[in-house]
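These notebook entries record what I looked up in one structure. I went from the whole chain to single elements.

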Amino acid sequence: MDKSPETRHPVPAFGWAARDPSGQLSPFNFSRRETGEDDVRFKVSYCGICHTDLHCIKNEWGSANYPLIPGHEITGVVTEVGSKVKKVKVGDKVGVGCLVRSCRTCEHCANDYENYCPKPVFTYDAPDYDGTVTYGGYSDYMVANEHFIIKFPDNMPLDAGAPLLCAGITVYSPLKYFGLDVPGTHIAVAGLGGLGHVAVKFAKAFGAKVTVISTSPKKKQEALEHLGADYFLVSSDQDQLKAAKGTMDGIIDTISAPHSIVSLTGLLKPHGKLVLVGLPEKPLELPAFAVVPGRKTLAGSNIGGLKETQEMLDFAAKHNITSDIEVIPIDYVNTAMERLAKGDVRYRFVIDIGNTLAATKP
Ligand SMILES: [Zn+2]
Ligand SMILES: [Zn+2]
């Protein structure tokens, strides 16, 4: 097979790629497949910068193949559909999240949990079923099977809605699955970043009482006044932890740094659930007494299936939930990555691909 990214597929494409573990992104010519009969092609308008993108371009998880075009919070406008496509038409607003293919036959796919399929194809830097490698949304056009295309409701903006395709579904899915979407429940969101800030918005929309748990007392005003949380708890403050002991039905733990599980499970009521969605690099410590007394659940959750992603986006549109974003031009992306590494963003960078990418083409 032709291994050159530029000629491997018939349709020329352009994006920004990392070439080595320095993670520096720069202009890159490659190619995408033709629009197949079940495929949707769209011109990319915006792409969110997920923390995963930063891990991948720097090869922090050890699996990077260069050149690597990141981006899995991709939105745009349909330019071409295959003959069998029913879901969308040319001109529709659409998005693609973390997945572009799955086997479609296993029990998980059959139950709309493509995210737990044993043969998933992730949106970038993943081997596709045809032996080629996938390229993400820091690029001019996307093409994907219609099953993996999310329709954007009219009132959902393509910029502030983009991060919902990864950050949004990552927190929405566990709230639903673990029964934490019930009015009157007390939910805590641990960590107030890209994931945490949308978790607060979804939990409030479900009618929950919401506590934000953060290491940074500086985030209190923001959490309460801007995001609408009911309470704020500083994770290092033993008095506050003690006062909140045994009061919570569920905790969505978005923290990706090493942290104490015991101090979180201590906040749960009996039968309470602590759900991890962040991925700290080192193992967390779990003493049995954190979960045995009170029959508590420690669980994990990873993105969501396609049906649920559409449901999440429709729910967000209905409740005016979007991500808080800072829109940037593509040539700011390396600076944005440095700022993201320091946590200096409120709360998601979104690249204005549609208006700024073409001008960087050599
Ligand atoms: Zn992501
Ligand atoms: Zn499957």
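How many helices and strands are there in the protein chain? I noted first that this is a predicted model. I counted ten helices and 17 strands in the protein chain.

**Entry 1: the whole chain**

I looked up the overall dimensions. Along the principal axes, the C-alpha atoms of the protein chain fill a box of roughly 60 × 40 × 35 Å. The radius of gyration is 20 Å, which agrees with the value near 21 Å for a compact globule with 362 residues. I then recorded that 45% of the 362 residues count as buried. I also looked up the contacts between residues at least 6 apart in sequence, and found that 68% of these join residues at least 24 apart.

**Entry 2: helix α4**

I turned next to helix α4, which covers residues 194-205. From its first C-alpha to its last, this twelve-residue helix reaches 18 Å, close to the expected 16 Å. Is α4 largely enclosed by the rest of the structure, or largely open? Ten of its twelve residues are buried, so α4 is largely enclosed. I listed the buried residues as G194, L195, G196, H197, V198, A199, V200, K201, F202 and A203. The elements that cover them include the helices α1 (51-57) and α3 (167-177). The strands β10 (186-190), β11 (209-214), β13 (248-253) and β17 (348-352) are also among the cover. After α4 comes G207, and I noted that its phi is positive, near 90°.

**Entry 3: the packing of α3 with α8**

Since α3 is part of the cover of α4, I looked up its packing with helix α8 (residues 306-318). The axes of α3 and α8 are 10 Å apart and form an angle of about 100°. An angle of 65 to 115 degrees counts as roughly perpendicular, and α3 and α8 are therefore roughly perpendicular to each other. Which residues meet in this contact? On the α3 side I found G168, I169, Y172 and S173, and on the α8 side E308, T309, M312 and A316. I recorded the residues of this contact as four nonpolar, three polar and one charged.

**Entry 4: L340**

My last entry concerns L340, which is found in helix α9 (residues 333-341). Buried status requires 20 or more other C-beta atoms within 10 Å; L340 has 19 and is therefore partly exposed. Leaving aside residues up to four places away in sequence, I found that L340 touches I49, H51, L54, V345 and F349. I49 is 291 residues from L340 in sequence, yet their C-alpha atoms are 8.8 Å apart in space.

Definitions and conventions:
Residues numbered from 1 in each chain as written. Chains lettered and ligands numbered in written order. Predicted model: local features only at pLDDT ≥ 70, side-chain atom pairs only at ≥ 80, totals over all residues. Helix = DSSP H or I, 4+ residues; strand = E, 2+ residues; numbered from the N terminus. Expected span 1.5 Å × (residues − 1). Contact = placed C-beta atoms within 7 Å. Rg over C-alpha atoms; globule rule 2.2 N^0.38 Å. Axes fitted to C-alpha atoms, helices over the stretch in contact; angles between N-to-C directions. Parallel < 35°, antiparallel > 145°, perpendicular 65-115°, else oblique. Nonpolar A, V, L, I, M, F, W, Y, C, P; charged D, E, K, R; others polar.
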